[in-house]
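Q: Please take me through this structure, explaining why its parts are described with the words that are used for them.
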Amino acid sequence: MTTISPDQATKPVTAPIKKSANQKGGSGDGKMNWSRAFTVARTDLKQLVQARDFWVPMMLLGSFFFVIIPTILLLTITRIGDVETVARISETLEVLPQQAQEQLRGDSPEGQTGYALAVFLFAPVAVIVPLTISTAVGAATIVGEREKGTGEFLAHSPAGAREIYIGKLIASVVPGYVTTVVGFSAYSLIVNLTVGPEVGGWFFPTAQWWLMILWILPPFLLICLSLVLRLSAKVKSTAAAQQASGLISLPLIMIAYSQATGVLFGAGNVAIYLGAAAWVLAIVSLTRGVRSVTRSRLLGVASGI
Amino acid sequence: MDRESENPVAESQGNQARELVVDVSGVDRWFGDVQALTNLSIEVPKGSITVLLGPNGAGKTTAIRMITGALAPDNGTSRVFGMDPATADGEEVRARCGVVSAKPSLYDRLNGWDNLRYAAELYGLGRGKAADARIEEAAATFGIDAALDHQVGGYSTGMKTRLALSRSILHDPDLLLLDEPTSGLDPESALAVLDLIRQMTGQGRTVLMCTHLLLEAEGLADEIVVMQHGTSLLSGRPDDLATRYWPQPIVRLSAESGADLDGLANASGVVTYERSEETATLGLQSLDHVPDLVAAAVAGGARVTSTVPFVPTLEDLYFAVRRDHGSTIDEIPPPGGSSGRPSRETASTQA
């Protein structure tokens, strides 16, 4: 390059370079700033609130699993008193593990059947809904920034890749988990109102359900999202991210479902150990997932994108 | 903010030194098998408007990404405010930069307020009344404050650009990096934006702007960097570069019969002579010779139709640089600006 200046003797002066302990990597991330992570999360959630075409179907999904199906089934058993249906379901209760059978409350077949359905049958509901919603949000979150061109803004901002990742993670967890908590509350009310009178009063949530919602479900949700966010950072389009994340989340839903069912059947301390193991796995998976968010990926210029 | 007082190096050395805000040296950057930047060097003096000129794909956007540390160079060094933006110092560098990318990079589902609040929080302005006042002030600077309540998805291209510009100055950055900032704007808005860019350097900010619109850079650029194929071909002050390419004054004489002008080739004061049909381009020792040359031409039987002093524009310079570096683009005109398109200066001095 030829450089011309009016006075060739004039020498450019650059401030002396500051030494940095960090190696070059294009991310240049220093200390974690939680405030920025929450800002990223809050802004993503604001956009989600504006996206009625997204949250209306998701709310319908939650309502369907937590309110409509349980209400119809439990009312059919406890109020309508369809003797044949009750008898058939009562027979199936005999296949439940002994531990679970001992937990059954209620003197009447309607009461026992209603209790079994409320406590054991709907376990997958608490797993399917949050995982489905959070996966849908998470799959679009990073690739979406790239597709809309807003990744350029984030890449040039002082926000670190880790802060962006954590922000995106929070923004993906919240819709699924909040839907679950709200749905779970509605479900509890429905169960207590329909089955409660048959078994001598309000009984739900049981200890196992608390364990599942607070101890088992969150780590499985985080494991799932750590994989989905990694995908979202690496694929070319939102459509590809959603397809691929479906493949990831399906086996995880099945694992979570089986584990949740086991917890509800009263596996006792095993559930606590299982939850602890899931938390460890989630933390490892999230720690590894942080690396998937880079500025070059936000810009869409990383190799493979 | 008194930005001048932050320049101890320049102050201590007076005119003999200029502090560089950006000093990119010998940078290479590959994307897979494609080399986007090749031995790129850019120097941006403090308080200046430096314009990166180049065709599409010249690497201007990649250069800006390198400067903020959004991308790390594969080879070479990049220093901004004396720091390496590709390291942990990148956070500080980016906090002191305001960027407007080629596409406005706005969140269409959010309104103007929320877009700017997002930036305000990420750049450390926080939330609350003080931040909102700053947002309003920045939006008013670019005349977009009245539309802040509306969802950005409904904005016109010009409104989005104005909002993006407002966002870039929210945190009072020391360095503004503008990638085609007037892209998509109507001429009035584009002029207003260029005027505001000029004002910002008046306030002590440094501006690095990319454009392929030469007229836009004309009169705005303190320094230019001509880029092609990811490398910087030439850089410096436009006047100095023009003097280098056209060291002597040039005048163009036209006559009804161009051949009648050929006698001027050996006239006193003429350094170079070149004729194309009815127009002769003369390099002179001094413009003082013009009246004598016109008189000589008339005396020689020429019916002179126009006498135009040639003042090279940025466009002339740009094409001259690119031609010198082996560009094969057909439309690049020959030296002396005989492109058939009169420059702004020459058009106004036609006889």
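Q: Why is B:I144 called buried?
A: Buried means a relative accessible area under 20%, exposed means over 50%, and partly exposed lies in between, with a 1.4 Å probe and protein chains only; B:I144 counts as buried because its relative accessibility is 3%. The model is predicted, so local features need pLDDT of at least 70 and side-chain atom pairs count only at pLDDT 80 or more, while totals for chains, interfaces and linings use all residues. Residues are numbered from 1 along each chain as its sequence is written, chains are lettered from A and ligands numbered from 1 in the order in which they are written, and side-chain values use heavy atoms, without hydrogens and water.

Q: Where is B:I144 placed in chain B?
A: B:I144 belongs to the loop between α5 (129–141) and α6 (157–169) of chain B, where helices are DSSP runs of H or I with at least four residues and strands are runs of E with at least two, numbered from the N terminus.

Q: What is B:I144 in contact with, leaving aside its neighbours within four places in sequence?
A: Contact means heavy atoms within 4.5 Å, and the partners of B:I144 beyond those neighbours are B:A139, B:Y155, B:M159, B:R162, B:L163 and B:S166.

Q: What makes the reach of α8 in chain A close to the expected one?
A: The expected span is 1.5 Å times one less than the number of residues; for the 34 residues of α8 (161–194) in chain A this is 50 Å, and the helix reaches 49 Å from its first C-alpha to its last.
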